[in-house]
Amino acid sequence: MNKIAVVPGSFDPITMGHLDIVKRASSIFDEVKVVVMNNSSKNPLFDVDERMALIAEVTRTIPNVTVDSFGGLLIDYAVEVNANAIIRGLRAVSDFEYEMQITSMNRFLNENIETLFMVSNNQYSFLSSSIVKEVAKYQGKISGLVPEAVEKALIGKFK
Ligand code: ADP
C-alpha cells in the first residue's frame, strides 16, 4: 500500500525551507500532498490559488508531490486522503511549543495518524515566509531564500 504524507502549512509564500522539507519527505514517502490550509486567522499576502500555483510550479520536477488546499481541520483532511503521516518542519526552539500543542490536539482527535518532525536544514533555520515578505516589501535581497518563481511573485506584489 502506498505510504502517503501530508505537508500542511500556510505557504504564504513557499520558501526554500518549506521546499527542502517537501523534497526530503518525497524521498521517504510514496506520495506527498502539500496542502495549503485555508482556515487560519492570518491575513495572507497571496490568495490560496496563488499559493497553490507557486507550490505546483516549484515542485513540478518531483513526480510524487501534489498540491491541494483545505478549509477545515487538518486531521479531517488527512483522513480524507488516507494519509499515514503529517510532516511538520522544526526550525528553532521557538517552533517547539506550538508544534507540540498542535500535535497533541491532532493525536487527541485521531490517534491513528502520526505527526513526524523534520529538523530544518541549518541554512534555513531562521527562514520564514513572514520575514521574507518583510524584506521583499522594502525591496531587500531575497534570492536564495525562495525559489525564483516566488521571488518574481513577491517583487510583483510589492511593485
Ligand atoms: P503554519 O501557518 O502552519 O505554521 P507555515 O507555512 O509557516 O505554516 O509552515 C508550514 C510548515 O513548514 C511548518 O511545519 C513549519 O514549521 C515548516 N517550516 C516553515 N519554515 C521552515 C523552514 N525554514 N525550514 C523548515 N521548515 C519550515
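Which residues does K33 touch, not counting residues up to four places away in sequence? I would like to start there, with the reminder that what we are looking at is a predicted model. Leaving those sequence neighbours aside, K33 touches I4, A5, V6 and V7, and also T66, Y77 and V81. The lysine itself sits in strand β2, which covers residues 31–37, and because its relative accessibility is 16%, under the 20% limit, K33 counts as buried.

From that strand we can move to the sheet as a whole. It is an open sheet of five strands, with parallel pairing, and the order across it is β3-β2-β1-β4-β5. At the edges lie β3, residues 65–70, and β5, residues 114–119, each of which pairs on one side only. From one strand to the next, the twist averages 30°. If we look at the pairing of β1 with β2, we find that the two run parallel and are joined by six bridges, and that V7 stands opposite V34 in β2. Helix α4 packs on this sheet, where it touches β4 and β5, and the direction of the helix makes about 170° with that of β4.

Now to the charged pairs, since the structure holds seven salt bridges, and I will go through some of them.

Let me take K133 and D12, which form a salt bridge whose closest N and O atoms are 2.8 Å apart. K133 belongs to helix α5, residues 129–137, while D12 is in the loop between β1 and α1, so this pair ties together parts that lie 121 residues apart in sequence. Both partners, K133 and D12, are buried.

The pair R88 and E99 also meets in a salt bridge, at 2.8 Å from N to O. Here R88 comes from strand β4, residues 85–90, and E99 from helix α4, residues 94–109, so that the link joins distant parts of the chain, 11 residues apart. R88 is buried, and E99 is buried as well.

The pair R24 and D20 forms a salt bridge within one helix, with the closest N and O atoms 2.9 Å apart. Because the two residues are four places apart in helix α1, about one helical turn separates R24 from D20. As for exposure, R24 counts as partly exposed, at 28% relative accessibility, whereas D20, with a relative accessible area of 14%, is buried.

To return to the opening residue, K33 is a buried lysine in strand β2, and its contacts include I4, T66 and Y77.

Conventions: Residues are numbered from 1 along each chain as its sequence is written. This is a predicted model: local features need pLDDT of at least 70, side-chain atom pairs count only at pLDDT 80 or more; totals for chains, interfaces and linings use all residues. Side-chain values use heavy atoms; hydrogens and water are left out. A salt bridge is a side-chain nitrogen of Lys or Arg within 4 Å of a carboxyl oxygen of Asp or Glu. Buried means under 20% relative accessible area, exposed over 50%, partly exposed in between (1.4 Å probe, protein chains only). Contact means heavy atoms within 4.5 Å. Two strands pair if DSSP finds at least two bridges between them. Axes are lines fitted to C-alpha atoms, for helices over the stretch in contact, and angles run from 0 to 180 degrees between N-to-C directions.
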